[in-house]
Amino acid sequence: VANVSHELRTPLTSIQGFTETLLTNDVDEVQQKSFLKIIQDQSARLSTVLEDLLSLSKLEKDSEGVETTPQKIGPVVQTAIQVCEPKAKKLHVDFEFEGDDQIIVNINSLLFEQALVNLIDNAIKYGRPQDGKNKGSVKVKIDQDDQSVRVSVIDQGKGIDNEHLSRLFERFYRVDKARSRNIGGTGLGLSIVKHIALAHKGSVKVESQLGQGSKFSIILPKNHELT
Ligand code: ADP
């Protein structure tokens, strides 16, 4: 509750402050516009945090009730990539895909797509190459063994120090708070991914090397009746 309150209070304080200034001070038209823009951005932020909190709370309350159907994994991965394409273009990030997209998995396609979008969005946001190269690349890889199907999102960014890895999937945990907030992060994306994986009776995994990049995976149990 303390975390949630803090996340909501920051944008609210800003909205209250700028509204009051607009109502009580003589501000010129240019300033008015700039204050209104801040109020608009902060309201959007409030609404994003609330949406993420609601998704998380629904998943926590009813993870048993998530309906899944057997389907090819390829189209779900492609839709998630498409959703992230505009942001990737803006930040000069290309996508690569590797693996068998015909594998059939038992998933809730909307939730699974949301989990992948969260991982790909992070890979785009935090995964800029560190060697001064302009272009980044995000790889989505599918592989499988006897027991499971694994979908991984791999970036070439600055990576994450070992000390953070075990806490990354906690609500509101961020490596760099200010940077995350500045780029519109809520700190809830990875907890949502974890809960979606759990609702599929699966798990999440992160591997990362400082200076080289990160690999986030969702591991789904294989349904042997489907293969
Ligand atoms: P946020 O909204 O802050 O992105 P997330 O729950 O999605 O929240 O991620 C938590 C934190 O994990 C981020 O703030 C960032 O510090 C770190 N992180 C997530 N994905 C990556 C990545 N691909 N590379 C480096 N750091 C990452």
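In the predicted model, His92 is located in the loop that connects α3 to β2. Although His92 is not a glycine, its phi is positive, at about 55 degrees. The residue follows just after α3. With a relative accessible area of 44%, His92 is partly exposed, since this value falls between the limits of 20% and 50%. A second residue other than glycine with a positive phi is Phe172, for which the angle is near 65 degrees. Phe172 belongs to the loop between α5 (residues 162–165) and α6 (residues 177–182). In contrast to the partly exposed His92, Phe172 is buried, its relative accessible area being 6%.

The protein as a whole contains seven helices and seven strands. Read from the N terminus, the order of these elements is α-α-β-α-β-β-α-β-β-α-α-α-β-β. The C-alpha trace extends over about 70 × 45 × 35 Å along its principal axes. The chain has 227 residues, of which 40% count as buried. Where contacts join residues at least 6 apart in sequence, 75% of them link residues at least 24 apart.

Five of the strands make up an open sheet of mixed pairing, in the order β2-β4-β5-β7-β6. β2 and β6 (residues 203–209) are the edge strands, each of them pairing on one side only. On average, and with direction ignored, neighbouring strands of the sheet are turned by 15 degrees against each other. β2 and β4 run parallel and are joined by seven bridges. Within this pair, Asp94 has Ser137 in β4 as its bridge partner. The pairing between β4 and β5 is antiparallel and comprises six bridges. These two strands form a hairpin, with three residues separating them. Across the hairpin, Asp143 is bridged to Arg150 in β5, and Lys141 stands opposite Ser152, also in β5.

Two helices were examined against this sheet. α3 lies across β2, β4 and β5, and its direction is at about 165 degrees to that of β2. α4 also packs on the sheet, where it touches β2, β4, β5 and β7; the angle between the directions of α4 and β7 is about 170 degrees.

Helix α3 comprises the 18 residues 73–90. At 1.5 Å a residue, a helix of this length should span 26 Å, and the end C-alpha atoms of α3 are 27 Å apart, so the expected and computed spans agree. α3 nevertheless has a kink of about 45 degrees at Cys84, shortly before the proline Pro86. Cys84 is also one of the buried residues of the helix, together with Ile73, Gly74, Val76, Val77, Ala80, Ile81 and Ala88. The cover over the buried residues of α3 includes β1 (residues 69–72), β2 (residues 93–99) and β3 (residues 104–107). It also includes α4 (residues 109–126), β4 (residues 136–144) and β5 (residues 148–154).

The largest nonpolar core has 48 residues, and those touching the most other members are Ile73, Phe112, Ile120, Leu168, Phe216 and Ile218. Two or more residues of this core are supplied by each of α2 (residues 29–61), α3, β3, α4, β4, β5, α7 (residues 189–199) and β7 (residues 213–221). α4 makes the largest contribution, with nine residues. Ile73, listed above among the buried residues of α3, is thus also among the core members with the most partners. For Leu168, the contacts beyond its neighbours within four places in sequence are with Ile160, Tyr173, Val175, Leu190, Val206 and Phe216. Of these contacts of Leu168, Phe216 is likewise among the core members that touch the most others.

Definitions and conventions:
Residues are numbered from 1 along each chain as its sequence is written. This is a predicted model: local features need pLDDT of at least 70, side-chain atom pairs count only at pLDDT 80 or more; totals for chains, interfaces and linings use all residues. Side-chain values use heavy atoms; hydrogens and water are left out. Helices (H or I, at least four residues) and strands (E, at least two) are DSSP runs, numbered from the N terminus. The expected span of a helix is 1.5 Å times one less than its number of residues. The bend at a residue is the angle between axes fitted to the seven residues ending there and the seven starting there. Buried means under 20% relative accessible area, exposed over 50%, partly exposed in between (1.4 Å probe, protein chains only). Contact means heavy atoms within 4.5 Å. A nonpolar core is a set of buried Ala, Val, Leu, Ile, Met, Phe, Trp, Tyr and Cys residues joined through side-chain atoms within 4.5 Å. Two strands pair if DSSP finds at least two bridges between them. Axes are lines fitted to C-alpha atoms, for helices over the stretch in contact, and angles run from 0 to 180 degrees between N-to-C directions.
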